[in-house]
There are 2 protein chains.
Amino acid sequence: MTAPLHEAHPAGPGRALPDTQQGMRRRNLARVMHAVSAQGPLSRAAVASRIGLTRAAVSTLVDELIRSGLLEELGPERPGRRVGRPGSALAVSGHGPAGIGAEVGVDHLAVCAVDLRGEVRARAVRYGANRGRPPEPVIEELAGLVRRVVAEAERAGLWPAGLAVAVPGLVARDARTVVRAPNLDWHDTDLGALLPVEYPLTVGNEANFGALAELWLGDGTPRDFLHVSAEIGIGAAVVVDGALLRGTRGFAGELGHVPVRPDGPKCPCGGRGCLEQYAGEEAVLRAAGLEPGEDRVGLLAGRAAEGDEDVRGALHDAGTALGIALTGAVNLLDPESVVLGGALAGLAPWLLPSLEAELDRRTAGPACPVAVSRLGSEGPLLGAAHSVVRAVLDDPAAVAERA
Amino acid sequence: MTAPLHEAHPAGPGRALPDTQQGMRRRNLARVMHAVSAQGPLSRAAVASRIGLTRAAVSTLVDELIRSGLLEELGPERPGRRVGRPGSALAVSGHGPAGIGAEVGVDHLAVCAVDLRGEVRARAVRYGANRGRPPEPVIEELAGLVRRVVAEAERAGLWPAGLAVAVPGLVARDARTVVRAPNLDWHDTDLGALLPVEYPLTVGNEANFGALAELWLGDGTPRDFLHVSAEIGIGAAVVVDGALLRGTRGFAGELGHVPVRPDGPKCPCGGRGCLEQYAGEEAVLRAAGLEPGEDRVGLLAGRAAEGDEDVRGALHDAGTALGIALTGAVNLLDPESVVLGGALAGLAPWLLPSLEAELDRRTAGPACPVAVSRLGSEGPLLGAAHSVVRAVLDDPAAVAERA
DNA sequence: CTAATTTGTAAACGGCCATGACGAAATAGT
DNA sequence: ACTATTTCGTCATGGCCGTTTACAAATTAG
């Protein structure tokens, strides 16, 4: 596939590829795909005005994309009240390449296929605790689901352009190796070796994929935000100018181990008073006087809704701790908003008051707005599948060669 | 191996300009400038192999840059032991455009001119407390220094390509307005209106410019780091993949108000136990039993060197607080290193032990390395001047039109 | 002094987008 | 119903730009 195309400076050292006409063509093909994908069916003329090229140029680009099977001609538009010849509507193809997303959860596995239009065309889920199981059988099971989903997608006229796997843990920058997944008890596991597929494989952190889903699918989500999600640990993802901040080793976003009370209880990470000691699932359950077990989040939400004072108190305190940690993060990053996702989304009603109070109290100007994701637990899976789709939109020429 | 997907989009909404041949030309001109600037004198053939274009293409690019006065032909190289015709060395011009940097400090003003080669060709400094003075007379004084430096630069055959001003406070994203500079007591001050110049003006935060100086001038500084600097307040700058993270409002990097002890002493920002309450200059002086006054940093360093236990204790505690705040930041950003700059650089010997201990103690794996800037207090001024130079290298065609 | 190698330039070539013109297809007005 | 107007998609032409190919110049190796 393509090299990393980072865009810090317009022409700075970031650009690795020589700037030649072929590169220009490739980028313009991508611009057309993005325009059509984002703005719904569009005529050639509409695309041209949007991306700043002439109609003639767009015509040839569109021809090429149609020949590659990435765009489809829907036929003449029914114009409202506009004079002039109506355009011919173009849409992203519903056949052709599909992004396969997979998720390894603590107690489930899920796989789905998303077409270029962003629609989920096939899916498979399997419940069952994975905590403590060695990686091999889990991945074997996941591979089975992938095969099923790919088969179903193929019957629908799609072919897999790539597979992205979301895992609840730290993933190295090579996007293949799970360095540490405490909730699965996996360490330095090379999923690339365990999951051989004949299309590109990417492994990523669950919170990161959740944030990307929020970015791409959320309505009104800005291009700079902090996405906080919790399953068992607490993860965050930093999105800056529409791109994920990954960190040198790929470990950025470890909000769970930000110190909240420096002399607080010891944490397995070595520190003291980390956020996870106050707002992690285990800590909240303990504070609420509940036992760990299945679907603890649902239990918490249920009890809180019933008015259980212990549970509400525990969530209130967790919100306070989150607010303290987020104050630090917001001061450092100045994001446009904070989005609560994953399990936090379901518990938001009881977390938000104390969280926002803390954030507000500790901020000089207007506090950073806190929003709740409407994707909830679907985020990581959809984000993974869409990341493959975005890769296709970002370089359609590369995919056309493989089609 | 392929890069992780989605660091940024090659043709996403980020790219504003249509991708046309002129744009390609501009980017290639920039590539040539960057190559020559970074890798010392280079022949056309060397440039070609470095940026991936052919010798013929580079020849025409170089011709254009020489005609614009941005490159100079030094004449034939004396080849060591290589066969073949020797190349003709090209270097960035020592005449032509210059970057003017300016700094508004709490008790000094400074201006310098840097040529495209990165050399300081003129400078002017003026000591005197600016704290509490209204912006108008201060800027008037600064304008006088700028005129002197520009005049001196012009005598050396340079012309000002832009002016960048570093201020100790928050600057809005428009890069003109100082929103809040507590140590100067300035609020919502539009420097663009106060400092009329006939070349582009940029205003930026001092810590940010210091970080850019570290990035561009520091030896071995990575492209992903956290630069912490302190004059009176504590500022930080986040550099991600060689670019500054600015934040939505331009306020990113406010490390001084990260909560360190959530129930600690009240802070003017509204919060409690902010880092500045422990490691800010005022707090450290109080803890050391010293009065505020002139050159307090030098005083602290002197006393600490003499072995003053009170001062050493105060710095030890400040280091601990910094370590706690930085643990949070490092967890969130996973930078390649942390760099201490500004006043912190001079106090590093007494801050570092407790700071690193705290960072190490609270980190699971190997702790993030902490380095000390060798630019010290020169950083912001140099960073400002160089930011103008970088702008020229990034788009030489724009400058050529004005030459 | 010759062969080999590398540099810089010039001419021909090909790819790509812009320009301008044209037919096609719709609406608005008569 | 018919014409004027507007917009769409396409084609031919032209200009820009990097590549290819060829060649003279300048140096080293033998």
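The surface near DNA strand D, where a residue is near if one of its heavy atoms lies within 4 Å of the strand, is made up of 10 nonpolar, 11 polar and nine charged residues; here Ala, Val, Leu, Ile, Met, Phe, Trp, Tyr, Cys and Pro count as nonpolar, Asp, Glu, Lys and Arg as charged, and the others, Gly among them, as polar. The model is predicted, and local features need pLDDT of at least 70, side-chain atom pairs count only at pLDDT 80 or more, and totals for chains, interfaces and linings use all residues. Residues are numbered from 1 along each chain as its sequence is written, chains are lettered from A and ligands numbered from 1 in the order in which they are written, and side-chain values use heavy atoms, with hydrogens and water left out.

Of the 30 residues around DNA strand D, those that come nearest are Ala45(A), Ser59(A), Gly84(A), Ser88(A) and Arg25(B). Among the polar contacts (pairs of N or O atoms within 3.5 Å), a side-chain N or O atom of Ser59(A) is 2.4 Å from a phosphate oxygen of the strand, whereas the bases are met by a backbone N or O atom of Gly84(A), 3.3 Å from a base oxygen, and by a side-chain N or O atom of Gln21(B), 3.1 Å from a base nitrogen. Two or more residues each are given to this surface by α2 (44-51) and α3 (55-67) of chain A and by α1 (21-38) and α3 (55-67) of chain B, helices being DSSP runs (H or I, at least four residues) numbered from the N terminus; α1(B) gives the most, with four residues.

How values were computed: A polar contact is a pair of N or O atoms within 3.5 Å; within protein, one must be able to donate a hydrogen and the other to accept it, and residues adjacent in sequence count only if both atoms are side-chain atoms.
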